[in-house]
Amino acid sequence: MHRLGALLTGSPATVRFAGVTGLEGARERRVRTDGVDLCVAELGDPGRPTVVLVHGYPDSKEVWSEVASRLAGRFHVVAYDVRGHGRSTAPRPLRGGFTLEKLTDDFLAVVDAVSPDRPVHLVGHDWGSVQSWEFVTAGRTEGRIASFTSMSGPSLDHFGHWIERRVKRPTPRRVGQLLGQGAKSWYVYLLHTPVLPELAWRGPLGTAWPRLLARLEKVPRDGYPTASLRSDAAHGAWLYRDNVRRRLRSPRADAYAHAPVQLITPLEDAFLSEGLSEDLERWAPRLTRRTLPARHWVPRSRPDQLATWISDFVTSVEAGRPEASATGPYADRFGGQLVLVTGAGSGIGRATALAFAEAGARVLAVDRDAEAAARTAGEARRRGAEGAWAEQADVSDEQAMEKLAERVTTEHGVVDVLVNNAGIGLGGSFFDTTTQDWKRVLDVNLWGVIHGCRLFGKRMAERGQGGHIVNVASAAAFQPSRALPAYGTSKAAVLMLSECLRAELAERGIGVSAICPGFVDTAITSTARFAGADAEEERRLRRRVARLYGVRGYPPQRVAAAVLRAVVRDEAVVPVTVEARTAYVLARWMPGALRLIARVKPPLR
């Protein structure tokens, strides 16, 4: 129909030429529809699946430049300037020229031009997502869309029904949701006022906007937004005026998605509440949920993660598997993320690696025992983490860790979550602990953490897209003991290092958590050393400690669950087990009691 309409008007539907675009290396064409010329940029091989990126307000297609460049190696990537934005022309008159029906006409004209014989994979952000919900639920687009990834933009029809349910069947929670979203939507009311938005954008707001994005949204100052910002924002006000009130008052009853949907929710979005999507399965039964600890402009602040999720989703749909394979806790958060765990061959490290695997993460299991690391990676793959690998490294060896960091970054990318778990145990009195004993325990327990934070954490910081570091300390970090001077000192140093790093990296969006377990039934009891003991006595002490920990019976899987929870909640210090939490409270409020307990001689010898 769109091709026929173009022919009847005597103008070609598509004119291809080389042009200047903010998408580096892109081929540019213009698509004419309904009297409007749309500027369309393409990257990648046209023979591969087509991914169409639709921008929001007050953006142009260049908002996608970082994501598009990451997708272009695997897909045919298309981004176009919405009518009235960027290098696309604006309708005349503006009023009535931005309705969802006309935006759907534009979308169909673009996909007819760039992928006439194959459905496309649609991705929308902000108002690009709002209009894309229209595309994926309209009957006339059925068969043209293979999948839809939505972020930071709800369907106006779904939003209208969401409001209606909360008004007609109010509960305290629903009223709170309604008021909360009403407060977040303050800008929508302003955009409905005549003339004022245009004056603001063409004046002081247009000048200040890049600084506001950098300061409030942590968007890098890398030449974005483009010079067309003022006119984009002025024209785009009509997106709201032409559609919002009309659709919220009379939402469609048949707004069901006819393609699989991936919903990416930035948890710190200043404009949209997470609760907006709680009823979404009603409208999109083939729904995959993802959450991201980020603010609204994720195409600029988190392009790596978005590109990974979009790639994985498109690939799974193309393979006939639209549903997410990971079903473990926090699968919406960690699916596709790159997680490195040291000391992953056994105990807490192995349990943590497997917990991340069940959440759909790409797991790198690192251990000085290559066979143990390989067993963990193999089990991770069996639990659904197709991207699970094993690496052999001694965390106390600086050069080995430097080589590991370089290899991981080159082959797999920058780590999203780093878990510094590798550690060794050492008991015995201070005067029985030799210099070599001290060196060994500090090399592994402290320097191993320092190497991990320095090498992998630095790459996280340089990437500028957030991340999280987990350092496994111990309750011994705040519970002094006459039997654990070296071990306790190493873990107390890890705790303080974690607190210092947390303060330094907060401005870069990187969280740091110190996990402090108490008595956990792991293999560390069979490898711990006891200063001043001969070989026979050391074997006897290990058996005794192992029995005590076995009787306590606290499994490492519960510590692993605490690790994932700490990352999701961005917790600073996490005591695990009753005795660890008790010691932590006493350390803060009754340190004298802990000092008295520390004098008690353990009944081991």
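Select D157 first: in this predicted model, D157 is buried, with a relative accessible area of 1%. Display its side chain together with that of R252, and a salt bridge appears, in which the closest N and O atoms are 3.1 Å apart. The two partners come from distant parts of the chain, 95 residues apart. D157 belongs to helix α5 (residues 156-168), whereas R252 sits in the loop between α10 (229-249) and β8 (261-266). R252 has 18% relative accessibility and therefore also counts as buried, the limit being 20%.

Next, extend the selection to E101, E134, R246, R247 and D254. Together with D157 and R252, these residues form one network, joined by salt bridges that share partners. As background, side chains of opposite charge can pair when their charged atoms come close. Over the whole model, the count of salt bridges is 40.

**A strand tied to a helix**

Move to E391 and R407. Their side chains meet in a salt bridge with an N to O distance of 2.9 Å. E391 lies in strand β12 (residues 388-392) and R407 in helix α16 (residues 398-412), so the bridge ties together parts that are 16 residues apart in sequence. Is each partner buried or exposed? E391 is buried, with a relative accessible area of 12%, while R407 is partly exposed at 30%.

**A loop tied to a helix**

Now select D416 and R463. This pair also forms a salt bridge, and the closest N and O atoms are 3.1 Å apart. D416 is located in the loop between α16 and β13 (417-420), and R463 in helix α17 (residues 435-463), so the contact ties together parts 47 residues apart in sequence. Both D416 and R463 are buried.

**A buried loop residue**

Centre the view on D59, in the loop between β4 (50-54) and α2 (65-71). Its relative accessible area is 1%, so D59 counts as buried. Which residues does D59 touch, leaving aside those up to four places away in sequence? They are H85, H125, Y224, D232 and W297. To follow one of these contacts, draw a distance between the C-alpha atoms of D59 and Y224: the separation is 9.4 Å, although the two residues are 165 residues apart along the chain.

**A nonpolar surface patch**

Switch to a surface representation and select W186, Y189 and L190. These residues make a nonpolar surface patch of about 350 Å². W186 is placed in helix α7 (residues 186-191). With 46% relative accessibility, W186 counts as partly exposed.

**The whole chain**

Finally, zoom out and colour by secondary structure. The chain contains 23 helices and 18 strands. Its C-alpha atoms fill a box of roughly 95 × 50 × 40 Å along the principal axes. The radius of gyration is 28 Å, which agrees with the value near 25 Å for a compact globule of 605 residues.

Colouring by accessibility completes the view. Of the 605 residues, 56% are buried. The accessible surface comes to about 25800 Å², and carbon and sulfur atoms account for 56% of that area. What share of the contacts between residues at least 6 apart in sequence join residues at least 24 apart? The share is 76%. The bridge between D157 and R252, where the tour began, links residues 95 apart.

Terms used:
Residues are numbered from 1 along each chain as its sequence is written. This is a predicted model: local features need pLDDT of at least 70, side-chain atom pairs count only at pLDDT 80 or more; totals for chains, interfaces and linings use all residues. Side-chain values use heavy atoms; hydrogens and water are left out. A salt bridge is a side-chain nitrogen of Lys or Arg within 4 Å of a carboxyl oxygen of Asp or Glu. Helices (H or I, at least four residues) and strands (E, at least two) are DSSP runs, numbered from the N terminus. Buried means under 20% relative accessible area, exposed over 50%, partly exposed in between (1.4 Å probe, protein chains only). Patches are made of residues with over 30% relative accessible area and no salt bridge: like charges are joined within 9 Å, nonpolar side chains (Val, Leu, Ile, Met, Phe, Trp, Tyr) within 5 Å. Accessible areas come from the Shrake-Rupley method with a 1.4 Å probe; for residues, only the protein chains shown count as cover. Contact means heavy atoms within 4.5 Å. The radius of gyration is taken over C-alpha atoms; the globule rule is 2.2 Å times the number of residues to the power 0.38.
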